[in-house]
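Here is a report on the pockets of one protein model and on the ligand it holds. Please look at the structure first, then read on.

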Amino acid sequence: MNQIIPEYTLNDGLRVPSVGFGTFGLKGNAGVHAITNAINTGYRLIDTAYNYENEGTVGEAIRKSSISREDLIITSKLPGRYQEYDLAVPAIQESLFRAGLDYYDLYLIHWPNPTTDKYVEAWQALIDAKKWGLIRSIGVCNFLPEHLARLKDETGILPSMNQIELHPYFNQEEARKWNQENGVRIQSWSPLGRLNGALDEGKVKEVARKYNKTAAQIILRWHFQLDSIAIPKATFPERQLENISIFDFELTETEMDLISSLSRVDGRNKNQDPAVYEEF
Ligand SMILES: NC(=O)c1ccc[n+]([C@@H]2O[C@H](COP(=O)([O-])OP(=O)(O)OC[C@H]3O[C@@H](n4cnc5c(N)ncnc54)[C@H](OP(=O)(O)O)[C@@H]3O)[C@@H](O)[C@H]2O)c1
């Protein structure tokens, strides 16, 4: 049975599901199979990136699925090496060609790369690509409040979404607060912690037993109640269904705090601090 996923309205009016599907590592025929199954299971938001080298796989999965293109929210991302304005515009077009799509619903700057200092130019390219109809809504990933404030100061436009590393070991309390206060929707990448052990945490399992749910469902429900859009990646159909079957129970405030209390200052999976880490 398909799950009904509640939606949010972004600051530019685009409506998006409160849980999406991550596709990092899903490629080729096996990737098409997994993503088509996810769409047919009920996922309506699919997250890809130029650098995942699977925009083609996502496009093929959309065409093979039983859902129309206009009922899906497809996200892709601009790599660091194309942040100069004149490189960003053809990169966005190339991203579309790869997927065989006419438009992306969301297009995000993948990393701010502050030392390179080209992210404002890249943002201007996204603003223009939206005007030209190539993208419906524009956002960023891994932007710290200082980067977001600069976009606002220099272009007048804040992103609709900021996709950041967020899981029980790194709950991003301050970043969530800044983004929420400024109307930027948070999306959680590696929401399950990408096998960092969060799924085996005793405290999470204890809550899972109470609700007769799995540890993954408890963590994904925690994201939902934090008002962040989790984009779990799962290859197997059972896990895909499990990960969106989270809307028939509610965690108490104490349980929310218990999971948030697992967070550590050094809880990032790979120490990728956007103030210094750069990706191209
Ligand atoms: N913007 C960025 O910089 C950035 C960075 C990283 C990731 N992302 C995006 O975020 C997405 C999700 O993050 P992620 O892929 O790193 O990690 P994740 O979604 O937290 O974890 C994925 C791992 O968890 C396993 N899993 C999924 N559901 C499960 C369940 N119910 N029970 C047990 N294990 C389960 C998956 O296994 P199987 O696949 O084997 O089923 C996979 O190994 C990515 O795919 C990508 O789209 C964005």
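## Second largest pocket

The lining of the second largest pocket splits into 10 nonpolar, five polar and five charged residues. Here Ala, Val, Leu, Ile, Met, Phe, Trp, Tyr, Cys and Pro count as nonpolar, Asp, Glu, Lys and Arg as charged, and the others, Gly among them, as polar. The volume of this second largest pocket is about 360 Å³. Its lining has 20 residues, and Phe 170, Gln 172, Glu 174, Ala 175 and Arg 268 are the closest to the centre.

Strand E8 (161-165) and helix H6 (173-181) each supply at least two residues of this lining. H6 gives the most, with three residues. Helices (H or I, at least four residues) and strands (E, at least two) are DSSP runs, numbered from the N terminus.

## Basis of the model

This is a predicted model, where local features need pLDDT of at least 70, side-chain atom pairs count only at pLDDT 80 or more, and totals for chains, interfaces and linings use all residues. Residues are numbered from 1 along each chain as its sequence is written, and side-chain values use heavy atoms, with hydrogens and water left out.

A pocket is found on a 1 Å grid over the protein atoms alone: it is an open set of points where a 1.4 Å probe fits, with protein on both sides within 12 Å along at least five of seven lines. Lining residues have an atom within 4 Å of a point. Grid points are joined across faces, edges and corners, and a volume is the space filled by probe spheres set on the points.

## Largest pocket

The largest pocket has a volume of about 890 Å³. It is lined by 35 residues, with Phe 24, Ser 190, Pro 191, Arg 194 and Lys 233 nearest its centre. Helix H8 (215-225) and H9 each give two or more residues to this lining. H9 gives the most, with three. By class, the lining holds 16 nonpolar, 12 polar and seven charged residues.

## Ligand site

Where does the ligand sit? The ligand occupies the largest pocket (more than half of its atoms lie within 2 Å of the grid points). Around the ligand are 29 residues (each with a heavy atom within 4 Å). The closest are Asp 47, Gln 163, Ser 190, Arg 194 and Thr 235. This shell has 14 nonpolar, nine polar and six charged residues. Helix H9 (residues 237-244) provides its largest share, three residues.

Three polar contacts (N or O atom pairs within 3.5 Å) involve ligand oxygen atoms. A polar side-chain atom of Lys 233 is 2.8 Å from a ligand oxygen. For a side-chain N or O atom of Asn 142, the distance is 3.1 Å. A polar backbone atom of Pro 191 lies 3.3 Å from a ligand oxygen. Taken alone, the ligand exposes 900 Å², and the protein buries 90% of that (Shrake-Rupley areas, 1.4 Å probe).

Technical notes. A polar contact is a pair of N or O atoms within 3.5 Å; within protein, one must be able to donate a hydrogen and the other to accept it, and residues adjacent in sequence count only if both atoms are side-chain atoms.
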